[in-house]
Amino acid sequence: MIKSILFAVILIAAVLFFLYSIKNFLSYVKLGKSENRLNNIKQRLINTLNIAFLQTKLFRSRLAGFLHFCIYWGFLTLSLVILESIFEGFFPNFSFYFIGKLYSVMTLTQDFFGALVFFVVLFSLARRYIATPKRLQVGAASRNDAVLILLMILFIMVTMFGANAEKILLGFSHGYRPISNFIAGIIGGSGSHTVFEINWWGHILIVLGFLNYLPYSKHFHVLSSVPNTFLSNFKIDKKNVLKPINFEDETLEQYGAKDIEDLSWKQLLDGYTCTECGRCTEVCPANLTGKLLNPKKIVTQIRKRTMAKGPLVVAGIEKHPELDKTLVHDYITQEELWACTTCGACVEECPVMIDHVTSIVEMRRNLTMMESAFPPELNTVFKNLENNESPWAFPPEQRNDWIDEFTEEMSKEGKDLKLKKMSNAGTADGLDVLFWVGCAGAFDNRYKNVTKSFAKIMNNAGITFGVLGSEEKCNGDTARRLGNEFLAQQFIQQNIETFKKYNIKKVVTACPHCLHSLKNEYSQFGMELEVTHHSEFISKLISEGKIKPEKKTEQKYTYHDSCYLGRYNNIYDSPRTTLLTVPGLEIVEMERSRDKGFCCGAGGGRMFMEETVGKRVNVERTEEALNTGATTIASACPFCMTMLTDGIKDKEKTDEVKIKDIAEIIAESL
Ligand code: SF4
Ligand code: SF4
């Protein structure tokens, strides 16, 4: 009786304190901006099943994935033991024995998972001190937190087996428990009620302590990772799209995020869900090449700031040194934010569906639009965009130059010209597709050859294609990723007007950045387009027999995945299958390829910024490409081509190794 009363008091106190912590947590997260994350419930449930319960993303690293899977499922199975123990607190000798034969299955599973969790925790503890993987090498506070949690789990298992063994010795155990029986055999004797009580109380107190420690620890992810996965927009929104700012909303005090109130509640929840596993940092090109940026830190700083500022705001406190600080500058520096290439590798790896990139760009938006705080070289880029409608200083009329050159080449070769300038055609009706050339495709001397090669492929295949010439403007991606949403939206609106003017519906482009913008982000502004990357387009022309690569090559090739083509748009196969249609062509994969591909260093506007800290990202990638022994590096993006060309120059390999776009490789083989 005394035990039941004492237990009831402890249990009620523990549950009340837990609910109080959760209420506080919710009030802090609610400080973020509102956002609807309850659409498409069916897809959300599928995501939760796959990613949270089956832990599919964790298996990207097999050993760590297996260890976590065991602990997670072990714990879920063992929750029934905890429930049984709680009932035992009120009704001594309580057992779920009444469920019949199923009880033996339950006890056998508990024994099995209990032992598995015990050994996995021992192994995980050892990994914190011996042969620690780089991603788990964290500061003392973080490591102590992880060790404390692991020790708690270990003692929960020890006390569970201790109580079970004593029950067996005392003769009131039910079900089939081979491991507990084995332990009872080792202990021997006729059992002790005192030892049973010590184990039982130890077990239940650590469980309740664990529950109440969670909201204050990085292991809060035990509670928040399932909701965070459910609330993520994976397969609901298009991948890696930025949310537009409504500049007509006069209530907006800030553009972008300066502090936690400017982020959405989901971005704050991301902060609380980070497990500090370091998987994002382990793949971050900026971090790996010595820059200050650490995506894990970006997320954990959002949590730290929310935990520091949230209680003050919720309590209505107006004067406090913490309130004089801001997330950007005091918790996250400009230097970190500008180092991001928006490659999306962090997002791809995160097992709990955290989206680092949108938070980083939100903060860049504030720096750019509210503070004009950006690297000085971006002044020229923004000026060029404003005056010349492209990041470069070329006048818009020069967008017609390659068209004139191509027209002349076709005429010299005596071929019918399939290219139509939209200003002459008047409408896209009757054309097969519009070729969106992009700024690099029109202005960059080296890349103009790619534009002409692709135009030649289409011409040979009998495709009638339109081009906008000087009516085409930058798609807006560079300005958008650099935080200049205002400028980006101007381009988007102007391009949409042009698309509407000519009734353009189908677009093909060689630039993955143009592809991503036109295909996935223009719809936010009311323009739905069917956009294809040239690698897919060429692949289709070959499979339809409209062109046939015939000239043989003896060269060894390696293919570099563009982040905006691969991770952003899941286009991994068509560039490879297209290349493999060239007779004799062999592809050697780089160590990091496909969805684990390593960025060239140009995304997110980094193409136009100086890179003065650490090793250059493009050099790191070029070295990886050179290690394959390939003599040609194939790319499918103008930025990647520029970065890899610079990398080859840096390694003094220009005579031995060539960089070619897949359009050039196919055109040469026709
Ligand atoms: S997007 Fe790429 S560069 Fe930016 S933080 Fe993530 S991994 Fe690092
Ligand atoms: S953000 Fe995701 S991948 Fe990065 S440390 Fe946190 S949980 Fe791990």
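Here are some notes on this predicted model, point by point.

1. Overall layout. The protein's C-alpha trace spans about 100 × 60 × 45 Å along its principal axes. Its secondary structure comes to 29 helices and nine strands. Of the 670 residues, 57% count as buried. Among contacts with a separation of 6 or more, 79% are between residues 24 or more positions apart.

2. The shell around ligand 1. A good place to begin looking is ligand 1, which has 13 residues around it, with Cys284, Cys340, Cys343, Gly344 and Cys346 coming nearest. Two elements, α15 (345-349) and α16 (356-371), each give two or more residues to this shell. By type, the shell around ligand 1 holds 10 nonpolar residues, three polar ones and no charged ones.

3. The shell around ligand 2. Here too there are 13 residues around the ligand, and those that come nearest are Cys274, Cys277, Cys280, Cys350 and His356. The make-up of the shell around ligand 2 is seven nonpolar, three polar and three charged residues. So what should you keep in mind when reading these classes? Cysteine counts as nonpolar and glycine as polar, so the cysteines that come nearest to ligand 2 fall in the nonpolar class.

4. The nonpolar cores. The largest nonpolar core has 115 residues, and Trp402 and Phe499 have the most contacts inside it. Leaving aside residues up to four places away in sequence, tryptophan 402 touches Leu419, Phe435, Val437, Gly441, Ala442, Lys448, Thr451, Lys452, Ala455 and Val467. There is also a second, separate core of 24 residues, which includes Ala115, Ile149, Met160 and Phe210.

5. Threonine 451. One of the partners of tryptophan 402 deserves its own look. Threonine 451 sits in helix α21 (residues 448-460). Is threonine 451 buried or exposed? Its relative accessibility is 3%, so it counts as buried. Not counting residues up to four places away in sequence, threonine 451 touches Trp402, Phe435, Val437 and Gly441. Those four residues are also of interest for tryptophan 402, whose contacts include Phe435, Val437 and Gly441.

6. Parallel pairing of β2, β4 and β5. Strand β2 (residues 433-436) runs parallel to strand β4 (residues 506-509), joined to it by three bridges. Tryptophan 436 stands opposite threonine 509 of β4. On to the next pair: β4 and strand β5 (residues 530-533) are linked in the parallel sense over four bridges. Threonine 509 has histidine 533 as its bridge partner in β5.

7. The four-stranded sheet. Four strands make an open sheet with parallel pairing, in the order β7-β6-β8-β9. Its edge strands, each pairing on one side only, are β7 (586-587) and β9 (658-661). Strand β8 (residues 632-635) runs parallel to β9, and four bridges join the two. Within this pair, alanine 634 stands opposite lysine 660 of β9.

8. Helices on that sheet. Helix α28 (residues 638-650) packs on the sheet and touches β8 and β9, with its direction at about 175 degrees to that of β9. Helix α29 (residues 662-669) also packs on the sheet, touching β6 (556-559), β8 and β9. The direction of α29 makes about 85 degrees with that of β9.

9. Glutamate 544. This residue is in the loop between α25 (534-543) and β6. With 40% relative accessibility, glutamate 544 counts as partly exposed. Its C-alpha atom is separated by 35 Å from that of glutamate 656, and the two residues are 112 residues apart along the chain.

10. Two positive phi values. Most residues other than glycine have a negative phi, so a reviewer may wish to look at the exceptions. Which phi does lysine 235 have? The value is positive, about 60 degrees, although lysine 235 is not a glycine. Lysine 235 is found in the loop between α8 (221-231) and α9 (265-273), and at 58% relative accessibility it counts as exposed. Arginine 594, also not a glycine, has a positive phi of about 50 degrees. Arginine 594 lies in the loop between β7 and α27 (617-627) and is partly exposed, with a relative accessible area of 31%.

Methods
Residues numbered from 1 in each chain as written. Chains lettered and ligands numbered in written order. Predicted model: local features only at pLDDT ≥ 70, side-chain atom pairs only at ≥ 80, totals over all residues. Heavy atoms only, no water. Near = heavy atom within 4 Å. Pairing = 2+ DSSP bridges. Contact = heavy atoms within 4.5 Å. Axes fitted to C-alpha atoms, helices over the stretch in contact; angles between N-to-C directions. Core = buried A, V, L, I, M, F, W, Y, C linked by side-chain atoms within 4.5 Å. Buried < 20%, exposed > 50% of the residue type's maximum accessible area, 1.4 Å probe, protein only.
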